[in-house]
Amino acid sequence: MKSFRGKTLSWTTTDGTIELALHREPCNEIGSATLVELEIFAAALETLEKHAQSVIICSTRAEGFCAGADLRELYHSSQALPPEMRLPEVRGFLERIHRVMNTLDAAPFTTIAAVHGVVFGGGFELALVCDLIVADKMARFCFPELRLGLIPGFGGIPRLKRDLGNAVVRDLLLTGRSINAAKAQSVGLVSQLAAEGDALRVARATAAQANKFDRDTAVSAKRFLKTIPRDELRQEIDIFCELFTRPAVEEGLRKFVESTDALPYLP
Amino acid sequence: MNSIDQTTEEILKLAADHFKVSREQLSPGDDFFKKLGINSLQALDLLTRLEQHFRIELPDYELQGVTDFRTLAERIQSRL
């Protein structure tokens with residue numbers, strides 16, 4: 001399947017590069033529909049290996065790359081279930097998204113996140129599975145989960161710890177503050193900064209460069225450099241589920257859902 | 001270093017330019033959410049532009065409850 005057009009994302013394959021574009025309104029919130037289509041993409045990667053050597057993940061939404069998990073869906077679907085069924089439901093979702101993230105993380109391609117605007121929560125976690133992050137200079141990165149009484153649940157902490165110093169990880173997590181692209185580059189998170197509106201162009205040029213290399217060599221280098229922190233990822237799911245059952249989380253989610261602001265967890 | 005008045009003026013000019021309003025329509029005491037008609041997402045965009053303009057880092061939690069240009073200038077001033 002060299003190309004795909006879904007409700008939340010699409011991909012095309014051109015000149016050895018797969019471009020996966022997120023396009024769900026308002027800002028690519030990751031819920032069950034996105035998860036299903038990400039699973040389709042992950043399953044297609046084996047076939048796509050014959051046609052491409054690099055993957056770019058980007059967004060067509062003006063608001064940004066991705067605002068994170070679809071908290072409205074999480075709240076409403078959870079509320080619709082009897083209390084004893086809520087946790088198994090959440091754990092099931094997390095297990096599925098972790099499988100997709102781990103597949104993308106280890107995929108035998110050079111993977112590039114081309115990000116702009118909001119790169120928050122689950123969106124940040126999706127960018128972190130990529131080998132490189134190319135950021136529009138107006139991009140902002142944030143893990144706001146603690147504001148809701150949760151931790152990131154799509155692999156964020158173990159992957160941040162893999163890539164950055166622990167002090168930076170603590171700063172981002174324990175303050176929940178957002179940082180701009182220049183700061184993200186200065187701490188080693190972003191490989192290249194692009195002018196406003198130019199992240200995809202820069203990512204394409206980067207992919208074209210990566211495509212010049214021998215594939216087996218690039219894959220060997222990637223496997224050597226980028227191990228998946230599986231034990232910590234498992235722990236993350238357990239901690240998230242432990243926190244999720246607390247009344248404060250339900251209250252935080254309810255407030256979020258009732259807010260009419262574009263990004264209610266921001267000041 | 002800028003005076004608070006200079007900082008406020010630079011913020012007003014930058015906001016007027018970016019959000020396409022006349023500088024004369026904006027005053028230091030204005031509520032920028034209402035006057036510029038922006039939501040929190042656009043406020044975040046403004047924050048990034050201000051960080052770039054003043055070459056500072058301003059954590060968004062410091063802007064909690066800040067709605068007027070003058071107080072915004074004070075927060076920025078404390079980082080210059």
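Student: At what angle do helix α5 and helix α6 of chain A pack?
Tutor: Happy to start there, keeping in mind that this is a predicted model. Two packed helices are described by the angle between their axes and the distance between the axes. Here α5 spans residues 156-163 of chain A and α6 spans residues 166-175 of chain A. Their axes lie 8 Å apart, and the packing angle is about 145 degrees.

Student: Which residues of α6(A) make that contact?
Tutor: Look at both sides. From α5(A) come A:Ile157, A:Leu160 and A:Lys161, and the contact residues of the two helices divide into 5 nonpolar, 1 polar and 1 charged. The α6(A) side is made by A:Asn166, A:Val169, A:Leu172 and A:Leu173.

Student: Which strands are at the edges of the open sheet in chain A?
Tutor: The sheet has 7 strands with mixed pairing, in the order β1-β2-β3-β4-β6-β8-β11. An edge strand pairs on one side only, and that picks out β1 (4-5) and β11 (192-194) of chain A.

Student: Which residue in β8(A) is the bridge partner of A:Ala113?
Tutor: Strand β6 of chain A covers residues 110-115, and β8 of chain A covers residues 132-136. These strands pair in the parallel sense over 4 bridges. The partner of A:Ala113 in β8(A) is A:Ile133.

Student: Which residues of α1(A) are buried?
Tutor: Helix α1 (residues 32-48) of chain A packs on the sheet, touching β1, β2 and β3 of chain A. An α-helix has 3.6 residues a turn, so residues three or four places apart point the same way. The buried residues of α1(A) pack against β2, β3 and α3 of chain A. They are A:Thr34, A:Glu37, A:Leu38 and A:Phe41.

Student: Is A:Asn28 buried or exposed?
Tutor: A nice residue to pick: A:Asn28 is found in the loop between β3 and α1 of chain A, and its phi is near 60 degrees, a positive value in a residue other than glycine. A residue counts as buried if 20 or more other C-beta atoms lie within 10 Å of its own. A:Asn28 has 26 other C-beta atoms within 10 Å, so A:Asn28 is buried.

Student: And A:Asp15, is that residue buried or exposed?
Tutor: A:Asp15 is found in the loop between β2 and β3 of chain A, with a positive phi of about 50 degrees although it is not a glycine. The cut-off for exposed is 12 or fewer other C-beta atoms. A:Asp15 has 12 within 10 Å, so A:Asp15 is exposed.

Technical notes
Residues numbered from 1 in each chain as written. Chains lettered and ligands numbered in written order. Predicted model: local features only at pLDDT ≥ 70, side-chain atom pairs only at ≥ 80, totals over all residues. Pairing = 2+ DSSP bridges. Helix = DSSP H or I, 4+ residues; strand = E, 2+ residues; numbered from the N terminus. Contact = placed C-beta atoms within 7 Å. Axes fitted to C-alpha atoms, helices over the stretch in contact; angles between N-to-C directions. Nonpolar A, V, L, I, M, F, W, Y, C, P; charged D, E, K, R; others polar.
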